[in-house]
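Q: I am new to this structure and would like a close look at a single part of it. Please pick one strand and the loop after it, then work outward from there.

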Amino acid sequence: MEHETAAVFPATLHVQGHDAVRDHLTHSTAATFLFVGPPNVGRRTTALWWFAYLNCESDTRPCGRCASCQRWQTGYHPDVLIKEPVATTRSGAQAANPVLRLDQIALRRGPGADPNPLIPWLRSAPSGTVKMAIVMASDKMTESAANAFLKTLEEPPANTKIVLIAPSRSSVLPTVASRAETVRFGSVPVTPGANEPAWRSDIRYGRVGAVMRSRSADVSDGEWREPIEALVTAMDHDTAALLDACERFVEAERKHPEVDFEGNLVELVRAERPEWLGALVHIMVERREAKAAYVSQRTLSTHLALALAAVVS
Ligand SMILES: [Zn+2]
(Lines give C-alpha, C1' and ligand atoms only; values in the text may rest on other atoms or scores of the structure.)
Protein backbone atom coordinates (compact mmCIF):
# COMPACT_ATOMS: atom_id res chain seq x y z
CA MET A 1 0.00 0.00 0.00
CA GLU A 2 2.58 2.50 -1.08
CA HIS A 3 0.30 5.19 -2.42
CA GLU A 4 -2.49 4.96 0.00
CA THR A 5 -4.96 7.70 -0.75
CA ALA A 6 -7.86 6.44 1.35
CA ALA A 7 -6.04 5.61 4.55
CA VAL A 8 -8.02 3.82 7.20
CA PHE A 9 -7.21 5.42 10.52
CA PRO A 10 -7.90 4.56 14.14
CA ALA A 11 -10.71 6.91 15.15
CA THR A 12 -11.42 6.92 18.85
CA LEU A 13 -13.16 9.41 21.09
CA HIS A 14 -11.42 7.78 24.04
CA VAL A 15 -8.13 9.66 23.85
CA GLN A 16 -6.14 8.92 26.97
CA GLY A 17 -4.41 11.87 28.61
CA HIS A 18 -3.08 14.95 26.81
CA ASP A 19 -5.88 17.05 28.31
CA ALA A 20 -3.79 20.24 28.27
CA VAL A 21 -2.76 19.63 24.66
CA ARG A 22 -6.34 19.05 23.58
CA ASP A 23 -7.55 22.11 25.45
CA HIS A 24 -4.84 24.16 23.74
CA LEU A 25 -5.74 22.84 20.28
CA THR A 26 -9.42 23.65 20.65
CA HIS A 27 -8.47 27.30 21.29
CA SER A 28 -5.66 27.61 18.77
CA THR A 29 -6.08 29.63 15.59
CA ALA A 30 -2.81 28.52 13.95
CA ALA A 31 -2.98 26.26 10.91
CA THR A 32 0.36 24.45 10.83
CA PHE A 33 1.47 22.34 13.79
CA LEU A 34 4.39 20.17 14.74
CA PHE A 35 3.37 17.44 17.19
CA VAL A 36 6.50 16.18 18.94
CA GLY A 37 6.90 13.36 21.43
CA PRO A 38 7.86 9.70 21.78
CA PRO A 39 6.39 7.03 19.46
CA ASN A 40 2.92 5.65 20.27
CA VAL A 41 2.18 8.38 22.77
CA GLY A 42 -0.95 9.48 20.91
CA ARG A 43 0.14 12.22 18.52
CA ARG A 44 -1.80 10.90 15.52
CA THR A 45 -4.75 9.82 17.68
CA THR A 46 -4.94 13.33 19.13
CA ALA A 47 -4.74 14.90 15.66
CA LEU A 48 -7.63 12.70 14.53
CA TRP A 49 -9.61 13.55 17.67
CA TRP A 50 -9.01 17.22 16.90
CA PHE A 51 -10.25 16.70 13.35
CA ALA A 52 -13.46 15.20 14.76
CA TYR A 53 -13.72 18.16 17.14
CA LEU A 54 -13.33 20.73 14.36
CA ASN A 55 -15.91 19.08 12.12
CA CYS A 56 -18.47 18.05 14.73
CA GLU A 57 -21.92 19.56 14.23
CA SER A 58 -23.00 19.44 17.89
CA ASP A 59 -22.51 21.82 20.82
CA THR A 60 -20.50 19.28 22.83
CA ARG A 61 -17.65 18.34 20.53
CA PRO A 62 -16.79 15.76 19.39
CA CYS A 63 -20.18 14.20 20.04
CA GLY A 64 -19.72 10.83 18.30
CA ARG A 65 -23.32 10.97 17.03
CA CYS A 66 -23.62 13.65 14.34
CA ALA A 67 -23.15 12.83 10.65
CA SER A 68 -19.57 14.08 10.64
CA CYS A 69 -18.57 12.14 13.77
CA GLN A 70 -20.22 8.97 12.49
CA ARG A 71 -18.44 9.21 9.17
CA TRP A 72 -15.14 9.75 11.00
CA GLN A 73 -15.75 6.78 13.27
CA THR A 74 -15.76 4.42 10.29
CA GLY A 75 -12.01 5.07 10.19
CA TYR A 76 -12.18 6.85 6.87
CA HIS A 77 -13.01 10.45 6.06
CA PRO A 78 -12.46 12.25 2.74
CA ASP A 79 -11.20 15.35 4.57
CA VAL A 80 -8.31 13.51 6.23
CA LEU A 81 -5.11 12.69 4.34
CA ILE A 82 -2.25 10.87 6.06
CA LYS A 83 1.18 10.65 4.46
CA GLU A 84 3.83 8.24 5.71
CA PRO A 85 7.41 7.63 4.61
CA VAL A 86 7.80 5.04 1.86
CA ALA A 87 10.59 2.51 1.55
CA THR A 88 10.78 2.53 -2.24
CA THR A 89 11.98 4.96 -4.87
CA ARG A 90 9.66 6.07 -7.70
CA SER A 91 11.23 3.45 -9.95
CA GLY A 92 10.19 0.80 -7.42
CA ALA A 93 13.67 0.07 -6.08
CA GLN A 94 14.06 -0.55 -2.37
CA ALA A 95 15.38 2.54 -0.63
CA ALA A 96 17.96 2.29 2.11
CA ASN A 97 15.70 4.19 4.53
CA PRO A 98 12.01 5.14 4.24
CA VAL A 99 11.53 8.79 3.29
CA LEU A 100 8.72 11.22 2.58
CA ARG A 101 9.28 11.86 -1.10
CA LEU A 102 8.74 15.02 -3.11
CA ASP A 103 5.93 13.42 -5.14
CA GLN A 104 3.98 12.70 -1.92
CA ILE A 105 3.96 16.43 -1.19
CA ALA A 106 3.80 18.14 -4.61
CA LEU A 107 2.30 16.96 -7.89
CA ARG A 108 4.87 15.19 -10.06
CA ARG A 109 4.18 13.59 -13.41
CA GLY A 110 5.48 10.27 -14.57
CA PRO A 111 5.44 6.64 -13.49
CA GLY A 112 5.63 5.82 -9.82
CA ALA A 113 4.46 9.23 -8.64
CA ASP A 114 1.96 9.52 -5.79
CA PRO A 115 -1.45 10.11 -7.47
CA ASN A 116 -2.75 12.12 -4.51
CA PRO A 117 -0.01 14.44 -3.28
CA LEU A 118 -0.64 16.66 -0.32
CA ILE A 119 -0.50 20.21 -1.68
CA PRO A 120 -3.13 19.87 -4.47
CA TRP A 121 -5.32 17.86 -2.08
CA LEU A 122 -5.22 20.68 0.47
CA ARG A 123 -6.28 23.21 -2.16
CA SER A 124 -9.60 21.53 -2.93
CA ALA A 125 -12.55 22.46 -0.73
CA PRO A 126 -13.44 20.25 2.26
CA SER A 127 -16.65 18.23 2.16
CA GLY A 128 -17.19 19.26 5.78
CA THR A 129 -15.78 22.22 7.69
CA VAL A 130 -12.03 21.61 7.94
CA LYS A 131 -9.54 19.43 6.04
CA MET A 132 -6.58 17.97 7.86
CA ALA A 133 -3.30 16.67 6.43
CA ILE A 134 -1.26 14.53 8.80
CA VAL A 135 2.39 13.92 7.93
CA MET A 136 3.84 11.01 9.87
CA ALA A 137 7.58 10.98 10.59
CA SER A 138 8.16 14.47 9.26
CA ASP A 139 11.81 14.06 10.20
CA LYS A 140 12.04 11.70 7.21
CA MET A 141 11.06 14.39 4.70
CA THR A 142 13.60 14.82 1.92
CA GLU A 143 15.00 18.28 1.44
CA SER A 144 13.31 18.64 -1.95
CA ALA A 145 9.95 17.63 -0.41
CA ALA A 146 10.42 20.11 2.42
CA ASN A 147 11.36 22.91 0.03
CA ALA A 148 8.27 22.27 -2.08
CA PHE A 149 6.16 22.28 1.09
CA LEU A 150 7.45 25.51 2.69
CA LYS A 151 5.04 27.96 1.08
CA THR A 152 2.03 25.80 1.98
CA LEU A 153 3.28 25.35 5.54
CA GLU A 154 3.66 29.09 5.82
CA GLU A 155 0.22 29.86 4.44
CA PRO A 156 -2.06 26.82 4.25
CA PRO A 157 -5.29 27.19 2.24
CA ALA A 158 -8.36 28.42 4.14
CA ASN A 159 -10.12 25.84 6.33
CA THR A 160 -7.17 23.47 6.47
CA LYS A 161 -4.91 22.22 9.25
CA ILE A 162 -1.52 20.63 8.69
CA VAL A 163 -0.17 18.39 11.45
CA LEU A 164 3.46 17.35 11.16
CA ILE A 165 4.44 14.50 13.45
CA ALA A 166 8.03 13.99 14.59
CA PRO A 167 10.01 12.73 17.60
CA SER A 168 11.36 16.22 18.37
CA ARG A 169 11.54 19.74 17.00
CA SER A 170 15.27 19.43 16.37
CA SER A 171 14.74 16.27 14.28
CA VAL A 172 12.96 18.14 11.47
CA LEU A 173 14.52 20.63 9.07
CA PRO A 174 14.74 24.11 10.70
CA THR A 175 12.93 25.66 7.73
CA VAL A 176 9.98 23.34 8.44
CA ALA A 177 10.01 23.68 12.23
CA SER A 178 10.06 27.48 12.07
CA ARG A 179 6.79 27.50 10.11
CA ALA A 180 4.84 25.34 12.57
CA GLU A 181 3.52 25.78 16.08
CA THR A 182 5.19 23.14 18.24
CA VAL A 183 2.93 21.03 20.46
CA ARG A 184 4.70 18.76 22.94
CA PHE A 185 3.35 15.36 23.97
CA GLY A 186 4.61 13.87 27.22
CA SER A 187 4.12 10.22 28.09
CA VAL A 188 0.77 9.31 29.59
CA PRO A 189 0.92 7.64 33.01
CA VAL A 190 -1.06 4.42 33.09
CA THR A 191 -2.01 3.37 36.59
CA PRO A 192 -3.88 0.08 36.86
CA GLY A 193 -6.82 -0.02 39.20
CA ALA A 194 -8.83 3.10 39.97
CA ASN A 195 -7.53 5.02 36.97
CA GLU A 196 -7.93 2.20 34.51
CA PRO A 197 -10.08 3.49 31.68
CA ALA A 198 -13.61 2.17 31.70
CA TRP A 199 -13.36 0.87 28.16
CA ARG A 200 -10.79 -1.71 29.16
CA SER A 201 -13.00 -3.54 31.55
CA ASP A 202 -15.85 -2.92 29.11
CA ILE A 203 -14.40 -5.35 26.64
CA ARG A 204 -12.95 -7.64 29.31
CA TYR A 205 -9.43 -6.70 28.33
CA GLY A 206 -7.13 -8.85 30.39
CA ARG A 207 -9.71 -11.19 31.79
CA VAL A 208 -8.85 -14.81 31.36
CA GLY A 209 -12.43 -15.88 31.91
CA ALA A 210 -13.51 -15.33 28.34
CA VAL A 211 -12.18 -18.60 26.98
CA MET A 212 -13.52 -20.63 29.89
CA ARG A 213 -16.99 -19.20 29.52
CA SER A 214 -17.11 -20.08 25.87
CA ARG A 215 -16.04 -23.64 26.59
CA SER A 216 -18.94 -24.15 28.92
CA ALA A 217 -21.39 -22.66 26.44
CA ASP A 218 -23.60 -25.03 24.54
CA VAL A 219 -21.68 -24.67 21.29
CA SER A 220 -19.26 -27.14 19.80
CA ASP A 221 -15.62 -26.24 20.16
CA GLY A 222 -15.02 -25.87 16.41
CA GLU A 223 -18.04 -23.64 15.93
CA TRP A 224 -16.62 -20.84 18.02
CA ARG A 225 -12.90 -21.56 17.92
CA GLU A 226 -12.52 -21.94 14.18
CA PRO A 227 -13.79 -18.47 13.10
CA ILE A 228 -11.58 -16.81 15.72
CA GLU A 229 -8.45 -18.72 14.77
CA ALA A 230 -9.17 -18.22 11.06
CA LEU A 231 -9.42 -14.48 11.64
CA VAL A 232 -6.02 -14.26 13.34
CA THR A 233 -4.49 -16.38 10.57
CA ALA A 234 -6.08 -14.19 7.88
CA MET A 235 -4.51 -11.09 9.39
CA ASP A 236 -1.20 -12.32 7.96
CA HIS A 237 -2.72 -12.63 4.48
CA ASP A 238 -4.34 -10.28 1.97
CA THR A 239 -7.40 -8.10 2.43
CA ALA A 240 -9.62 -10.52 0.51
CA ALA A 241 -8.80 -13.35 2.94
CA LEU A 242 -9.32 -10.99 5.83
CA LEU A 243 -12.69 -9.85 4.53
CA ASP A 244 -13.78 -13.46 4.14
CA ALA A 245 -12.64 -14.33 7.67
CA CYS A 246 -14.37 -11.26 9.10
CA GLU A 247 -17.65 -12.22 7.42
CA ARG A 248 -17.46 -15.65 9.05
CA PHE A 249 -16.52 -14.13 12.39
CA VAL A 250 -19.49 -11.72 12.32
CA GLU A 251 -21.84 -14.50 11.19
CA ALA A 252 -20.65 -16.79 14.02
CA GLU A 253 -21.17 -13.95 16.47
CA ARG A 254 -24.73 -13.51 15.27
CA LYS A 255 -25.44 -17.25 15.50
CA HIS A 256 -23.96 -17.71 18.97
CA PRO A 257 -24.59 -14.61 21.04
CA GLU A 258 -23.77 -16.61 24.18
CA VAL A 259 -20.12 -16.89 23.13
CA ASP A 260 -17.74 -14.04 23.86
CA PHE A 261 -16.11 -13.87 20.42
CA GLU A 262 -14.43 -10.53 20.97
CA GLY A 263 -12.99 -11.58 24.33
CA ASN A 264 -11.61 -14.76 22.83
CA LEU A 265 -10.14 -12.92 19.87
CA VAL A 266 -8.37 -10.55 22.25
CA GLU A 267 -7.06 -13.51 24.28
CA LEU A 268 -5.75 -15.31 21.21
CA VAL A 269 -4.02 -12.18 19.89
CA ARG A 270 -2.54 -11.57 23.33
CA ALA A 271 -1.07 -15.07 23.25
CA GLU A 272 0.07 -15.22 19.62
CA ARG A 273 0.54 -11.66 18.33
CA PRO A 274 0.92 -9.33 21.32
CA GLU A 275 2.22 -6.58 19.03
CA TRP A 276 -1.33 -6.22 17.63
CA LEU A 277 -3.05 -6.16 21.01
CA GLY A 278 -3.24 -2.40 21.64
CA ALA A 279 -4.68 -1.65 18.20
CA LEU A 280 -7.09 -4.58 18.43
CA VAL A 281 -8.49 -3.35 21.72
CA HIS A 282 -9.21 0.04 20.12
CA ILE A 283 -10.93 -1.67 17.20
CA MET A 284 -13.12 -3.64 19.61
CA VAL A 285 -14.16 -0.41 21.34
CA GLU A 286 -15.14 1.15 18.02
CA ARG A 287 -17.05 -1.99 17.06
CA ARG A 288 -19.12 -1.65 20.19
CA GLU A 289 -20.15 1.81 19.07
CA ALA A 290 -20.99 0.53 15.60
CA LYS A 291 -22.99 -2.38 17.04
CA ALA A 292 -24.87 -0.01 19.34
CA ALA A 293 -25.84 1.97 16.24
CA TYR A 294 -27.32 -1.20 14.70
CA VAL A 295 -25.27 -1.08 11.53
CA SER A 296 -25.72 -4.02 9.17
CA GLN A 297 -23.80 -7.28 9.48
CA ARG A 298 -22.06 -6.63 6.17
CA THR A 299 -20.96 -3.16 7.27
CA LEU A 300 -19.68 -4.59 10.54
CA SER A 301 -17.54 -7.19 8.82
CA THR A 302 -16.22 -4.74 6.21
CA HIS A 303 -15.22 -2.24 8.86
CA LEU A 304 -13.61 -4.96 10.95
CA ALA A 305 -11.59 -6.17 7.95
CA LEU A 306 -10.43 -2.66 7.03
CA ALA A 307 -9.49 -1.86 10.62
CA LEU A 308 -7.56 -5.11 11.04
CA ALA A 309 -5.82 -4.62 7.68
CA ALA A 310 -4.61 -1.24 8.94
CA VAL A 311 -3.15 -2.91 12.05
CA VAL A 312 -0.95 -5.29 10.09
CA SER A 313 -0.02 -3.07 7.12
ZN1 LIG B 1 -20.30 15.21 16.32
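A: Met136 sits in the loop between strand S5 and helix H6. The model is predicted. Met136 has 18 other C-beta atoms within 10 Å, so it is partly exposed; a buried residue would need 20 or more. Leaving aside neighbours within four places in sequence, Met136 is in contact with Arg44, Ile82, Lys83, Glu84 and Ile165. Take Lys83 from that list. Met136 and Lys83 are 53 residues apart along the chain, yet their C-alpha atoms are separated by 6.0 Å.

Ala137 lies in this loop between S5 and H6 as well. Its phi is near 45°, a positive value in a residue other than glycine. Ala137 has 19 C-beta neighbours inside 10 Å, so it counts as partly exposed.

Now step back into the strand. S5 covers residues 131-135, and five of the five are buried, so the strand is largely enclosed by the rest of the structure. Its side chains split between two directions. Lys131, Ala133 and Val135 point one way. Met132 and Ile134 point the other way. Residues on both sides are buried, and that includes Lys131.

S5 has strand partners. One is strand S2, residues 80-83, which pairs with S5 in the parallel sense over four bridges. Within that pairing, Leu81 has Ala133 of S5 as its bridge partner. Another is strand S6, residues 160-166, joined to S5 by five bridges and also parallel. There, Ile134 is matched with Val163 of S6. Lys83, met above as a contact of Met136, falls within the residue range of S2. Ile165, another of those contacts, falls within the range of S6.

How does the chain get from S5 to S6? It passes through H6, residues 143-154, and the three elements make a right-handed β-α-β unit. The loop between H6 and S6 holds Asn159. Phi of Asn159 is near 60°, again positive in a residue other than glycine. With 15 C-beta neighbours inside 10 Å, Asn159 counts as partly exposed.

Next, the packing around these strands. The largest nonpolar core has 44 residues. Leu34, Phe51, Val163 and Leu164 have the most contacts inside it. Val163 is the residue just named as the bridge partner of Ile134. Helix H2, residues 43-55, gives the most to this core, with seven residues. Phe51 touches Trp72, Val80 and Met132, not counting residues up to four places away in sequence. Met132 belongs to S5. A second, separate core has 24 residues, including Leu231, Ala245, Phe249 and Met284.

After H2 comes a loop that leads to helix H3, and Pro62 is in it. A cis peptide bond joins Arg61 and Pro62, with omega about -15°.

Other helices lie further along the chain. H12 takes in residues 261-272. At 1.5 Å a residue, its twelve residues should span 16 Å, and its end C-alpha atoms are 16 Å apart, which agrees. Among the buried residues of H12 are Phe261, Glu262, Leu265 and Val269. Helix H14, residues 297-312, contains Val312. Val312 has 15 C-beta neighbours inside 10 Å, so it is partly exposed. From Val312 to Ala279 is 33 residues in sequence and 9.6 Å in space, C-alpha to C-alpha.

Finally, the whole protein. There are 14 helices and seven strands. Of its 313 residues, 35% count as buried. Among contacts between residues at least 6 apart in sequence, 73% join residues at least 24 apart.

How confident is the predictor? The average pLDDT is 82, and 86% of the residues score at least 70. Over residues 1-6, pLDDT stays under 50, and the model has eight contacts for them beyond four places in sequence. Over residues 190-217 the pLDDT is also below 50, and this stretch has 29 contacts beyond near neighbours in sequence.

Note on methods: Residues numbered from 1 in each chain as written. Predicted model: local features only at pLDDT ≥ 70, side-chain atom pairs only at ≥ 80, totals over all residues. Buried ≥ 20, exposed ≤ 12 C-beta atoms within 10 Å, placed from the backbone. Pairing = 2+ DSSP bridges. Right-handed = clockwise from strand over helix to strand, strands pointing away. Contact = placed C-beta atoms within 7 Å. pLDDT = per-residue confidence, 0-100. Expected span 1.5 Å × (residues − 1). Core = buried A, V, L, I, M, F, W, Y, C linked by C-beta atoms within 7 Å.
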